[in-house]
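Hi there,

Here is the structure I promised to pass on to you. Have it open while you read, and click on the residues as they come up.

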Amino acid sequence: RKNRLVFLKSDFAFDTVSSPTDPYRVPLGLDARNGLIALADSESNGIRLVRGENPEAMLDRLGLSSPMDVKWTPSGELLVSDWGNKRIVLASSQGNVLRALPLAFAPGMLTLDTKGTFFVCQPHENRVQIYSNDFKPAQNILLTNASHPRGILFHQNRLYITAQNSHKVLI
C-alpha cells in the first residue's frame, strides 16, 4: 500500500520509484504494449497509462469501481477486470467503453491468449472462467485442491495460475 510504481533494473535493484503529482491509489494489475504501461488504479477507479516513468493519461470515464486488472488485447484495446461492478470492460486506449460483460461474480485478475480468448479468476469460487474473444462463455474450470486463484498468465500456450490459500502454482 505504498501507492507507487517501482521500476527495477534487470538485476532487480531499484531503478526509480514513481511518485506522480496525482499519486497512485492502490495500483494493482498492469500490462505493457509498445512502451505504454496500463495500470489498474483500484481506489482511483481508473486505468492509468504510463510511458517510461511518466504518467501519460488517466482513463477515469469508464465508470469503473475498484478495477483489479487490465490487459492489452491483440488489437490494442484494454480489457479491464471491473471488480466492484462485477463486469469485464473492453475499452479503447482513449478511455471509451467499447463493450461490457456483466458477470454474476466479482472478477479477479485476468489474462488473454494470442487469439483474444480471456481467462478470469473467480477467487471465492475457486474457478477460472474462460470467454471467447467475442465475450461468449467458453468454459468454466473448477480448481480442486487449489483455493483462491489470484494471479493468472497465459504464456507459450500454457496457463499459469497462482492459488493463494494452497500455496501452489498450477500449470
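Below is what turned up in it, going from one hairpin to the cores, the charged pairs and two residues further along the chain. Please keep in mind that this is a predicted model.

Let's start with β7, which covers residues 67-72. How many of its six residues are buried? Five of them are, so this strand is largely enclosed by the rest of the structure. Its partner is β8 (residues 78-82), and the two run antiparallel, joined over five bridges. If you want one bridge to look at, take Lys-71, which is matched with Leu-79 in β8. Five residues sit between the two strands of this hairpin, and Gly-76 has a positive phi there, near 90 degrees.

Thr-73 is also in the loop that links β7 and β8. Is Thr-73 buried or exposed? Its relative accessibility is 8%, and the cut-off for buried is under 20%, so Thr-73 counts as buried. Beyond its close neighbours in sequence (up to four places away), Thr-73 touches Arg-33, Leu-79, Leu-90 and Leu-112.

Now for the greasy parts. The largest nonpolar core is made of 14 residues, and Ala-38, Ile-47, Leu-49, Val-70 and Leu-78 have the most contacts inside it. Which strands supply at least two residues each? They are β4 (36-41), β5 (46-51), β7, β8 and β9 (87-91). The largest share comes from β4, with three residues. Leu-78 is a good one to click on: leaving aside residues within four places in sequence, its contacts include Ala-38, Ile-47, Leu-49 and Val-70, as well as Leu-59, Trp-72 and Val-89. There is also a second, separate core of 12 residues, with Leu-90, Phe-118, Tyr-131 and Phe-135 among them.

Next, the charged pairs. The model has five salt bridges in total, and here are three of them:

- Lys-71 pairs with Asp-69, with 3.0 Å between the closest N and O atoms. Both Lys-71 and Asp-69 are buried.
- Arg-87 pairs with Asp-82, at 2.5 Å from N to O. Again, Arg-87 and Asp-82 are both buried.
- Asp-134 pairs with Lys-136, at 3.7 Å from N to O. Asp-134 has 34% relative accessibility, so it counts as partly exposed.

Finally, have a look at Pro-149 and Leu-143. Pro-149 belongs to strand β15 (residues 149-155), and its relative accessibility is 0%, so it counts as buried. Along the chain, Pro-149 is 21 residues from Val-128, but in space their C-alpha atoms are 7.6 Å apart. Not counting neighbours within four places in sequence, the contacts of Pro-149 include Cys-121, Pro-123, Arg-127, Leu-143 and Ile-161.

Where is Leu-143? You'll find Leu-143 in the loop between β14 (137-142) and β15. With 10% relative accessibility, Leu-143 counts as buried. From Leu-143 to Pro-123 it is 20 residues in sequence and 10.0 Å in space, C-alpha to C-alpha. Setting aside residues up to four places away in sequence, Leu-143 touches Asn-126, Val-128, Pro-149, Ile-161 and Leu-170.

Happy clicking, and write back if anything is unclear.

Cheers

How values were computed:
Residues numbered from 1 in each chain as written. Predicted model: local features only at pLDDT ≥ 70, side-chain atom pairs only at ≥ 80, totals over all residues. Heavy atoms only, no water. Salt bridge = Lys/Arg side-chain N within 4 Å of Asp/Glu carboxyl O. Buried < 20%, exposed > 50% of the residue type's maximum accessible area, 1.4 Å probe, protein only. Helix = DSSP H or I, 4+ residues; strand = E, 2+ residues; numbered from the N terminus. Contact = heavy atoms within 4.5 Å. Pairing = 2+ DSSP bridges. Core = buried A, V, L, I, M, F, W, Y, C linked by side-chain atoms within 4.5 Å.
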